[in-house]
Amino acid sequence: MKWLFIVLTVCASSCGDVLCAAGMSEGEEVGNLGPHGILRAVRYIVTRRRVILGGVAYAAAFFALLGLLSTSQLSVAIPATALSFVLDTVAASFLLHEHVPWKRWVGVVCVCAGLVLAVQPAPLARTSAAAPAVQTHQDQASHDQARADHLHNQRTPAEVLAKP
């Protein structure tokens, strides 16, 4: 299920990026940050089909990310979504016909290498045949008992204040 959420998050996020980039590049540059300029930009955004679809794709990516976070550790989920940077660069080059310099492609390769390292599962601790899972349970029980004894033997705050 984790991989399904990763694919959904990455694809929806990249679709949102490409759609918004394509929609926003159709008009003039947003330069005026005064009230009139912001109102004009908002009017432009809500009247562009690609930008609206990009926002819907971002919403889908957000909910897919929530699903991913419910099934994976944060240290796996977020690096896995970095694959959207790779997909965005490929889409920028082939769909939006942007010039992508070779250094940026090297960066894409580095991101891919980082993904491989970050998403690999951690090695499992090896257990020998002489130390089955029952031993682990006994170790945990003795640890819990030692912790309870330690807490029981501690002085209360009133005892600490009463004795100099």
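**View 1. The largest nonpolar core of this predicted model has 8 residues.** The members are F5, I6, V10, L68, V76, A77, A80 and V119. Two helices each put at least two residues into this core: α1, which covers 2-24, and α4, which covers 74-81. Pick out I6 and look at what sits against it: leaving out anything up to four places away in sequence, I6 touches L68 and A80. Both of those partners are on the list of core members as well.

**View 2. Here α1 packs against α4.** The two axes are 9 Å apart, and the packing angle is about 40°. That makes the pair oblique, since the angle is neither under 35 degrees nor in the 65 to 115 range. The crossing of these two helices is right-handed. On the α1 side, the contact is made by K2, I6, T9 and V10. On the α4 side, V76, A80 and T81 do the job. If some of these names look familiar, that's fair: I6, V10, V76 and A80 also belong to the largest nonpolar core.

**View 3. Next up is α3 against α4.** These axes come within 8 Å and cross at roughly 145°. As for handedness, this crossing is right-handed. From α3 come L65, L68 and L69, and they meet L74, A77, I78 and T81 of α4. Two residues in this view, L68 and A77, are core members too. T81 is worth a second look, because it turns up in the α1 contact and again in this one with α3.

**View 4. S14 and S84 make a buried serine pair between α1 and α5.** S14 is found in helix α1, while S84 sits in α5, the helix spanning residues 83-94. How much of each is accessible? For S14 the relative accessible area is 4%, so it is buried. S84 comes in at 9% and is therefore buried as well. With neighbours within four places in sequence set aside, S84 is in contact with V10, S13 and S14. Do the same for S14 and the contacts are S84, L87 and D88. V10 links this view back to the core, where it is one of the members.

**View 5. This is the salt bridge between R50 and E26.** How many salt bridges does a search of the whole structure find? The count is 1. In this pair, R50 and E26 bring their closest N and O atoms to 3.2 Å from each other. R50 belongs to helix α3 (residues 49-71), whereas E26 is in the loop between α1 and α2 (35-46), so the bridge ties together parts that are 24 residues apart in sequence. Neither partner is buried: R50 has a relative accessible area of 41%, which makes it partly exposed, and E26, at 48%, is partly exposed too.

**View 6. The last close-up sets L4 beside G67.** L4 is part of helix α1. Is this leucine buried or partly exposed? With a relative accessible area of 46%, L4 counts as partly exposed, because buried would need a value under 20%. Along the chain, L4 and G67 are 63 residues apart, and their C-alpha atoms are separated by 9.6 Å.

Definitions and conventions. Residues are numbered from 1 along each chain as its sequence is written. This is a predicted model: local features need pLDDT of at least 70, side-chain atom pairs count only at pLDDT 80 or more; totals for chains, interfaces and linings use all residues. Side-chain values use heavy atoms; hydrogens and water are left out. A nonpolar core is a set of buried Ala, Val, Leu, Ile, Met, Phe, Trp, Tyr and Cys residues joined through side-chain atoms within 4.5 Å. Buried means under 20% relative accessible area, exposed over 50%, partly exposed in between (1.4 Å probe, protein chains only). Helices (H or I, at least four residues) and strands (E, at least two) are DSSP runs, numbered from the N terminus. Contact means heavy atoms within 4.5 Å. A salt bridge is a side-chain nitrogen of Lys or Arg within 4 Å of a carboxyl oxygen of Asp or Glu. Axes are lines fitted to C-alpha atoms, for helices over the stretch in contact, and angles run from 0 to 180 degrees between N-to-C directions. Angles under 35 degrees count as roughly parallel, over 145 as roughly antiparallel, 65 to 115 as roughly perpendicular and the rest as oblique. A crossing is left-handed if the near helix is turned anticlockwise from the far one by less than a right angle, and right-handed if clockwise.
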